[in-house]
Each structure stands twice: as C-alpha cells, then as structure tokens.
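The exercises below are to be worked with the sequence and the coordinates at hand. Each task is followed by a solution in steps.

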Amino acid sequence: METRTPDEVPVVQEAREEDLELLPELVTHLRDRRTELREQWANRITNAHLLSAMTEEEIFSMATSVYDSYVEVLETGSVEALQAYARDLSERIIPRGVETYEVVGIVLLLRDVLARSLFEKYQKDFELLNRVLDAYEPAANRIANTVAVSFVRERERIIRQQQDAIRELSTPVLQVRERILILPIIGILDEQRANQFTEQLLAGIRSHRAKVVVIDITGVPDVDSEVANHLVQAVDASRLMGASVILTGLSPEIAQTLVTIGVELGKMNTVGDLQGGVEEAERLLGFRVTKTDPADNHLH
Amino acid sequence: MLVSILRQGSYLIASIHEALNDREIVQFQQDLVEQIGTDRARGVIIDVAALDVMDSFGSRTLLNLAHAARLRGAETVIVGIQPTVAFAMVRLGMGLDNVHTALDLEEGLAYLQRLLQQQPDHQTRHGAS
C-alpha cells in the first residue's frame with residue numbers, strides 16, 4: 001500500500017501523458033470565459049436551491065473563489081490550495097446547516113458547466129473534444145473528490161470536537177453540603193462514559209472527603225442491563241472508599257424496565273427525585289434543615 | 001518493615017506499607033488475629049492507602065481477616081482504598097461485602113468510636129457504684 005499523508009485524497013483516475021498537454025489550452029479557455037461561466041454556475045446553484053442557507057452575494061463570492069482554485073488545480077495539478085479553501089469554507093458553512101449533498105452538488109454543477117463550455121468550443125472536432133475531455137475529467141473528478149472529502153473531514157472534526165466537549169461537561173461533581181456530593185448524569189451512558197464517570201466519582205469522593213453521593217439519572221434516556229451494571233459497579237466502588245450512594249431520578253418507565261429485565265438494584269439506596277435524595281443524604285449525615293419564619297428576621 | 005501494627009487505646013491500627021506476597025499476607029493475618037487477643041483490642045483498622053494494586057487473594061484474605069477478628073471480638077474497618085484500586089476490584093468482581101470500609105484513618109477511627117459507643121461498654125465493672 002502506498003503511503004500518503006492523512007490530508008491527501010487518493011487519486012482515483014489518472015490522465016494519459018499526451019492528454020495532459022491539452023490542459024494549458026483548457027486553462028486559457030476557462031480563464032477567458034471566467035465571468036460568463038462563473039455566473040452560469042451561480043445561477044445553476046440558485047436554481048437548484050442548493051446552499052439555501054447562504055445569501056446570493058455569499059454564493060457569488062464563494063463561486064469566484066472556487067472557480068479560481070478550480071482552474072488553478074487544472075493548471076498546476078496541486079489540490080492543496082483548493083483543499084485549504086474547502087476546509088475553511090466548510091468550517092464557516094457547517095454551523096449554518098449546509099449538508100453534504102449541497103457541497104457535492106455544487107461541485108458537480110461546476111463540472112457540468114465547464115464540460116458544456118468545452119463541448120461548445122470543440123464541437124466541430126470530435127476527436128479533439130474526446131482528448132480534451134480525457135484530460136479534463138480526471139482532474140475534475142479529483143477536484144470534486146477533494147472538496148467533498150474536505151467537507152466531510154471538517155464535519156467529522158467538528159463532531160469529534162463536540163463529543164469531547166460533551167464528555168468533559170457531562171459529569172460535574174458538585175458538593176452541596178459538607179461531605180455530600182451530587183453527580184447528575186446527562187445523556188447516554190456507554191462503556192467509555194461509564195468508566196470515566198466512575199473515575200470522576202471516586203476521585204471526587206477522595207478530594208471532597210465525601211460520605212454520601214447522590215447520583216441523579218433523570219437525564220439518562222435509557223437504562224438497560226449494561227448501564228445498570230455500570231451503576232452497580234460505581235456504587236460498589238464508592239462503598240470500598242467508604243461512601244454510600246443514593247440513586248435518584250429513576251423514571252417510572254426505567255423502573256419498570258429494570259424490573260422486567262431483572263436487574264438487581266436491590267442493594268442500592270434509591271429515592272424518587274433529587275430533592276428526596278439530598279434530604280436522605282442529609283438525614284444520613286445528621287443534618288437537620290429547619291425553616292424559620294421570614295418575619296422573625298425583620299424583627300432584628 | 002512491610003506492615004506495622006500499632007496500638008491506639010482499644011484499637012489496633014495495621015498499616016500495610018507495600019505490596020505483600022501471599023506468604024507475607026497470611027503471616028500478617030496470623031499476627032493480627034493473635035495480637036487482637038493479647039491486646040484485647042475491640043477494633044481493628046487496616047490501612048491499605050499505600051497499595052496501588054490488590055489481587056483477589058489479597059482481598060479474600062482481608063475478608064477472612066475481618067471475619068476472624070469479629071470472632072475474636074474486634075470489628076474491622078478497611079481504610080484508604082485508592083480510587084483506581086476500588087475501580088479495579090469492582091470490575092474484577094472482588095467486593096468486600098460485610099466488611100466496613102472508610103475513606104481514611106480518621107474516618108475509620110470515627111466509625112469505630114460510633115460503633116463501640118452503641119454497644120454496651122464491657123469495661124464497666126458490674127457492681128461498682
């Protein structure tokens with residue numbers, strides 16, 4: 001297998017040497033008719049209702065840049081500049097909800113617009129047209145590939161970034177009272193998150209010297225036997241460190257699912273909601289909350 | 001020295017300073033159960049804070065030790081289990097059921113104090129007024 005840098009997009013189709021000689025001529029043609037072709041392309045984009053999230057001016061300025069880099073790729077054979085531009089563009093348009101089909105669509109439209117102008121120019125000489133297309137097609141396909149791959153990679157990068165962000169945010173360890181911690185779990189608890197959660201829980205017990213931990217799973221959409229098993233492990237590990245765990249926020253559906261699938265949560269201390277959990281924790285540690293008459297405060 | 005057993009009032013505090021092999025841990029178990037009798041200890045604290053691994057033999061021996069100590073009249077608390085050790089033990093299914101655990105030495109002492117206060121104090125001599 002040939003080695004390549006992760007940024008590079010493999011070349012699917014190679015042009016023959018003798019056809020490549022035609023590329024300079026092609027480039028000149030595309031440069032000469034830049035204004036006209038670019039406008040045709042922008043019109044096609046609008047008519048196809050692609051990039052509806054962008055304004056007309058934005059589409060036009062994007063069209064200009066892509067057109068120029070497109071011709072440049074044909075001229076130099078190097079996709080780096082186009083790749084960088086595509087990445088940059090993707091970064092700007094992804095947050096606005098531009099979809100993959102739109103990006104692929106506009107590049108294919110440009111390919112069609114340019115191909116048509118070549119047909120027009122060389123229609124008299126079919127032999128030559130064939131050779132021009134032989135030179136043009138591999139380069140055009142490579143460009144389409146590059147732009148699409150750059151877009152998808154950028155999207156994947158953003159998704160990864162967001163996953164990391166969610167992971168970091170997901171389980172805060174909060175101290176509500178001396179030696180009482182609250183850990184709300186939000187979202188799906190998969191293997192990786194469960195391990196991370198338990199690590200944070202144990203580290204939190206250590207650093208806050210916690211005796212009671214309230215784990216609230218109101219934000220966990222689905223609890224299956226695997227998740228329940230993770231919770232049981234977290235509770236057992238906490239106990240080894242001398243802290244007891246109160247589990248709160250089991251919805252009626254989850255409670256019924258657990259009973260149906262026969263998960264043993266019997267040794268767990270469960271309370272209906274977070275408030276009840278905190279009250280139970282306070283009771284375990286001997287805190288007593290008393291309500292005073294607010295009017296009394298005004299007397300002093 | 002791998003293990004030190006100190007006497008503090010009616011408690012024994014055993015600190016394990018480094019990982020013990022199987023023979024050493026059995027020796028430790030014998031020494032401690034022996035000393036519970038000679039010192040008339042009512043509580044035992046085993047501090048494992050220095051350990052960063054615990055194998056199944058080790059945890060089973062601790063469990064046996066606690067049960068043996070109870071038969072000799074002393075309650076056992078295991079303190080100082082590290083977070084990573086706790087996680088590993090649970091994942092390998094080595095719980096320490098029926099043995100009390102506490103965060104550290106201070107917590108362990110507090111627990112024993114509470115526990116033994118609830119029991120009738122057997123040092124009070126009957127008939128003394």
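A residue is buried if 20 or more other C-beta atoms lie within 10 Å of its own. The model used here is predicted.

**Exercise 1. Chain B**

Task: Find what share of the 129 residues of chain B count as buried, and describe the fold of chain B along its sequence.

Solution.
- Step 1. Applying the cut-off to the 129 residues of chain B, 36% come out as buried.
- Step 2. Assigning secondary structure gives 4 helices and 5 strands in chain B.
- Step 3. In sequence order, these elements of chain B read β-β-α-β-α-β-α-β-α.
- Step 4. For contacts in chain B with a separation of 6 or more, 75% are between residues 24 or more positions apart.

**Exercise 2. The sheet of chain A**

Task: Establish the strand order of the open sheet in chain A, and state which strands stand at its edges.

Solution.
- Step 1. Start with β1 (residues 174-177) and β2 (residues 180-186) of chain A, which are antiparallel and share 3 bridges. Here A:R177 is opposite A:I180.
- Step 2. Look at the hairpin that β1(A) and β2(A) form: 2 residues lie between the strands, and A:R179 has a positive phi near 70 degrees.
- Step 3. Go on from β2(A) to β3 (residues 212-219) of chain A, a parallel pair with 6 bridges. In this pair A:I186 faces A:G219. The connection from β2(A) to β3(A) runs through α8(A), and the β-α-β crossover is right-handed.
- Step 4. Take β4 (residues 244-248) of chain A and β5(A), which are parallel and joined by 3 bridges. A:L247 has A:T270 of β5(A) as its bridge partner.
- Step 5. Assemble the result: the 5 strands of this open sheet in chain A follow the order β1-β2-β3-β4-β5, with mixed pairing. In chain A, β1 and β5 (269-271) each have a single partner strand, so one side of each lacks a neighbour in the sheet and these two stand at the edges. From one strand to the next, the twist averages 30 degrees.

**Exercise 3. Helices on the sheet**

Task: For α8(A) and α11 (residues 274-285) of chain A, list the strands touched and give the angle to a strand.

Solution.
- Step 1. α8(A) packs on the sheet and touches β1, β2 and β3 of chain A; its direction and that of β2(A) make about 165 degrees.
- Step 2. α11 of chain A also packs on the sheet, with contacts to β1, β2, β3, β4 and β5 of chain A, and its direction makes about 175 degrees with that of β3(A).

**Exercise 4. Where the chains meet**

Task: Count the residues of chains A and B that are in contact, and place A:M241 in the nonpolar core.

Solution.
- Step 1. The contact between the chains involves 13 residues of chain A and 13 residues of chain B. On the chain A side, α8 (191-208) and α9 (225-240) each supply at least two residues. That side divides into 5 nonpolar, 3 polar and 5 charged residues.
- Step 2. The largest nonpolar core has 67 residues, and A:V213, A:M241, B:V44, B:I78 and B:A86 have the most contacts inside it. α9(A) gives the largest share of this core, 7 residues.
- Step 3. Setting aside neighbours within four places in sequence, A:M241 is in contact with A:L202, A:I205 and A:R206 in chain A, and with B:I81, B:P83, B:A86, B:T101 and B:L103 in chain B.
- Step 4. A second core, separate from this one, has 34 residues, among them A:L26, A:L50, A:V79 and A:A140.

Technical notes
Residues numbered from 1 in each chain as written. Chains lettered and ligands numbered in written order. Predicted model: local features only at pLDDT ≥ 70, side-chain atom pairs only at ≥ 80, totals over all residues. Contact = placed C-beta atoms within 7 Å. Nonpolar A, V, L, I, M, F, W, Y, C, P; charged D, E, K, R; others polar. Core = buried A, V, L, I, M, F, W, Y, C linked by C-beta atoms within 7 Å. Buried ≥ 20, exposed ≤ 12 C-beta atoms within 10 Å, placed from the backbone. Pairing = 2+ DSSP bridges. Right-handed = clockwise from strand over helix to strand, strands pointing away. Axes fitted to C-alpha atoms, helices over the stretch in contact; angles between N-to-C directions.
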